[in-house]
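Hi everyone, thanks for making time this morning. I'd like to walk you through one structure, so let's put it up on the screen.

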Amino acid sequence: MSLDLREAGSATPGATKPAIADCDIHPCLMQAKDILPWLPRRWQRHMEQFGMLPRHGYQSGPAYPKGQPDAARIDAWPPGGRPGSDLGFMQRQHLDPNNVALGILNVIAPAAGAAQNLDFSAALCRALNQWQVDEWTGKDSRLKGSVLVPYEDAQAAAAEIDYWAGHKDFVQVMLLSRTAEPLGQRRYWPLYAAAERAGLPVGVHAFGYGGYPVTAGGWPSYYIEEMVGHAQCCQALLTSMVVEGVFERFPGLKLVLIEAGFAWLPSLAWRLDKTWARLREEVPHLARPPSEVIRQHVWVTTQPMEEPEKRRHLHDVIEWIGIDRLLFATDYPHWDYDDPEWSLPVRLGADARQDLFLRNALKLYGQG
Amino acid sequence: MLRHVVAPASAVPPGGRMLAEVAGKKIAIFNLGGEFFGLLNRCPHQGGELCRGTTSGLLEAAAPGEYRYTRQGEILRCPWHGWEFDIRTGQSRAEPQRIRTKAYAVERASGAALAEEPELRAETFPVAIEQDYIVVDL
């Protein structure tokens, strides 16, 4: 018997699989201009005439070409559209067969929060937020949105958070990891104050446009280097937030690091603790060991999961971080997608599995 | 081991592929220059459907700065994470001795020869003696 190759998403039915929360799903516009109906006339004209300039030196596109077209799974292209642009296709290929009970949407393209024109950034964030409600969360109640904010203008970002605060379809605020300054610096504090006020975690998703090289050592030659560079970028922003005392100033703030891996987190905390013990006089506002702050305020999504040769090493890492701080994520429809059934390279007890795959997210995002 | 006729040979021209279901197993069948090969349709990494992957050759460097491109069309990349497999053997490029996807014996047989085999499993179509067929041993 031969099967039709064109029929994508012929995965096994989801009813038999345990329910999961997927904390990183990427919906996108079919074409950039599809957002026009959600923009006020003034910004429609701007987009048609000038477009969006991200905060880097290129006219368009990311700094590094991706390993696969649109950085997507080859099998995730809906007929006639971009991966992530078709809710029905996403339901059939991912949400239904993988039994996704809660899916967190992170719109990273266009990178509205990274638009160099700050007024346009704010307008585009508002438009994409409303678009998420109209086209995604309003049509599938399993999906919840992340509030996009013009984070380089923290006052405007705070206003955007205030606008959506209490809306049942939004469960976090989302930034990208490459920013104009390290994220702990005070220019970003109003944003954290607003997120704390709204009771929304702040998710920081890898990528973005800071205008600086994507590694701490300058511009690398290869996409591979960009991929592994996310870990150092997130270490830098987390260090900044801890050392600047963001979590002391906003004790209700919860931070979710998305798509940067997690095995680096224990070693960063060890290094921070050691250095803090010797240099704490420089930062008297940081009254607790950094590891304690991290354990209290930080969550990490699992994808792209590290795959050490000796799988028990991942056990050790998970044990340090705490199973309650890990949020399963697939990154659908992107090429480095983690499959819920196969991606976890370690065996967990039934309870721990439930926490990682579902309960931690339900609790953090208030869906329990 | 049973032999299953899965399709007329003409259904998969050189460079082509098909997905066959044989005794409950999904097998991706490839035609490399007239020879047929079969791989289990799931990547051993996370289960991506290999039949949806792209094929390419091997880009190798014996030393930095020296490049050779060989075996065009014989290397399959998983549609998810791009793990590469040798279509002829199922072995992975990264760790050929340890990581592989199961390879099945697939051959071309004439309808006349198949007509002589009593154990044959022709799935859903009649076998005509004047045609060639793709046969999977399973």
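Before I show you an annotation, a word on how to read it: UniProt positions are given in the numbering used here, and annotations may be inferred rather than shown by experiment. Please also keep in mind that this is a predicted model.

So, the record. An unreviewed UniProt entry annotates residues 22-366 of chain A as "domain: Amidohydrolase-related". Across that stretch, helix accounts for 38% of the chain and strand for 12%. The C-alpha atoms at its two ends lie 15 Å apart.

Now to the inside. The largest nonpolar core counts 112 residues, and Leu39(A), Leu191(A), Tyr192(A), Val202(A) and Leu238(A) have the most contacts within it. Helix H3 of chain A, residues 118-137, is the top contributor to this core with nine residues. Take Leu39(A): beyond its sequence neighbours within four places, its contacts include Phe120(A), Ala123(A), Leu124(A) and Ala127(A).

Next, a helix pair. H8 (residues 265-279) and H10 (residues 312-321) of chain A have axes 9 Å apart and pack at about 55°. Why do we call H8(A) oblique to H10(A)? Because angles of 65 to 115 degrees would count as roughly perpendicular and those under 35 as roughly parallel. At the interface, Leu265(A), Pro266(A), Ala269(A) and Trp270(A) from H8(A) meet Val317(A), Trp320(A) and Ile321(A) from H10(A).

Last stop, Lys168(A), in the loop between helix H4 and strand E5 of chain A. Is Lys168(A) buried or exposed? Exposed, because its relative accessible area is 61%, and the cut-off is over 50%. Its side chain makes a 2.9 Å polar contact with that of Asp169(A).

Key
Residues numbered from 1 in each chain as written. Chains lettered and ligands numbered in written order. Predicted model: local features only at pLDDT ≥ 70, side-chain atom pairs only at ≥ 80, totals over all residues. Heavy atoms only, no water. Helix = DSSP H or I, 4+ residues; strand = E, 2+ residues; numbered from the N terminus. Buried < 20%, exposed > 50% of the residue type's maximum accessible area, 1.4 Å probe, protein only. Polar contact = N/O pair within 3.5 Å; in protein donor to acceptor, adjacent residues only side chain to side chain. Core = buried A, V, L, I, M, F, W, Y, C linked by side-chain atoms within 4.5 Å. Contact = heavy atoms within 4.5 Å. Axes fitted to C-alpha atoms, helices over the stretch in contact; angles between N-to-C directions.
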